[in-house]
Amino acid sequence: MLLYGASGHAKVIISCLHASRTSVEAIFDDDLRKESLLTIPVIGPYQTDYESNAPLIVAVGDNAIRHRLTQTVRHPYGIAIHPSAQVDSSVQIGAGSVVLHGAILQADTRIGSHVIINTGASVDHDCAVGDFAHVAPGAVLCGGIRVETGALIGAGAVICPNLNIGKWAIVGAGAVVIRPVPDYAVVVGNPGRIIKLNKTA
């Protein structure tokens, strides 16, 4: 496996892959000062011809940066699932996504491409998590929730059943969401309230 991004998030993905007995051969990163991460060599900016058939994961926690970097990648994408994660056999997981330590994915849930299901997150039945979204540590999605492209569900947030979280929305850490969240909205608090829009839809 190859990684793109020698970040703190990459350390967690490396731990996940090693627990699954998958080796990480090298890491691409645009910061030329970085030489290694957890003893794995950092070999500089992305190279299309380096082990071109090896699977790659973009190991960047920021959804927008992860989205941008994938526009240049020509390698096939891998998937990382930690052995401690509980993933129902009916779950679908897209290319480049990671399901980290202790996460739970329940029946008939669909996870898009380049998604982060972070440590201890719980995604219940019939949810759909769009491409480039991030469900942060300890967040809870109740049944039937749709999380659109690029949305961030903050650490420890709770999303009540059958709601839609709009594209590139941000749900703050610890928020309790009881109403649908529009595109680009930033929601905080209990009950969750919109405090701003990041941009117009």
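This briefing covers two open sheets, a hairpin and a surface patch. The model is predicted. One open sheet has 3 strands, and another has 6 strands. Both show parallel pairing. Strand 23 and strand 24, by contrast, pair in the antiparallel sense.

**Sheet of 3 strands**

- The strand order is 2-1-5, and the pairing is parallel.
- Strand 2 (26–28) and strand 5 (56–58) stand at the edges. Each has a single partner strand, so one side of each lacks a neighbour in the sheet.
- From one strand to the next, the twist averages 20°.
- Helix 1 (residues 8–19) packs on this sheet. The helix touches strand 1, strand 2 and strand 5. The direction of helix 1 makes about 165° with that of strand 1.
- Strand 1 (residues 2–4) runs parallel to strand 2, and 3 bridges join the two.
- Within this pair, Leu-3 of strand 1 stands opposite Ile-27 in strand 2.

**Sheet of 6 strands**

- This open sheet has the order 7-10-13-16-19-22, again with parallel pairing.
- Its edges are strand 7 (86–87) and strand 22 (176–177). Each pairs with a single strand, so one side of each is left without a neighbour in the sheet.
- Strand 22 pairs with strand 19 (residues 158–159) in the parallel sense, over 2 bridges.
- Val-158 has Val-176 in strand 22 as its bridge partner.

**Hairpin of strands 23 and 24**

- Strand 23 (residues 185–188) and strand 24 (residues 193–197) are joined by 4 bridges in the antiparallel sense.
- Val-187 has Ile-194 in strand 24 as its bridge partner.
- The two strands form a hairpin, with 4 residues between them.
- Gly-189 lies in the turn and has a positive phi of about 90°.

**Nonpolar surface patch**

- Ile-79, Ile-81 and Val-87 form a nonpolar patch on the surface. Together they have about 200 Å² of accessible area.
- Ile-79 sits in the loop between helix 2 (63–70) and strand 6 (80–81).
- Ile-79 is partly exposed, with a relative accessible area of 36%. That value is over the 30% cut-off for patch residues, so Ile-79 meets the accessibility condition.
- Ile-81 belongs to strand 6 (80–81).
- Val-87 belongs to strand 7 (86–87), which stands at an edge of the sheet of 6 strands.

How values were computed
Residues are numbered from 1 along each chain as its sequence is written. This is a predicted model: local features need pLDDT of at least 70, side-chain atom pairs count only at pLDDT 80 or more; totals for chains, interfaces and linings use all residues. Side-chain values use heavy atoms; hydrogens and water are left out. Two strands pair if DSSP finds at least two bridges between them. Axes are lines fitted to C-alpha atoms, for helices over the stretch in contact, and angles run from 0 to 180 degrees between N-to-C directions. Contact means heavy atoms within 4.5 Å. Patches are made of residues with over 30% relative accessible area and no salt bridge: like charges are joined within 9 Å, nonpolar side chains (Val, Leu, Ile, Met, Phe, Trp, Tyr) within 5 Å. Accessible areas come from the Shrake-Rupley method with a 1.4 Å probe; for residues, only the protein chains shown count as cover. A salt bridge is a side-chain nitrogen of Lys or Arg within 4 Å of a carboxyl oxygen of Asp or Glu. Buried means under 20% relative accessible area, exposed over 50%, partly exposed in between (1.4 Å probe, protein chains only).
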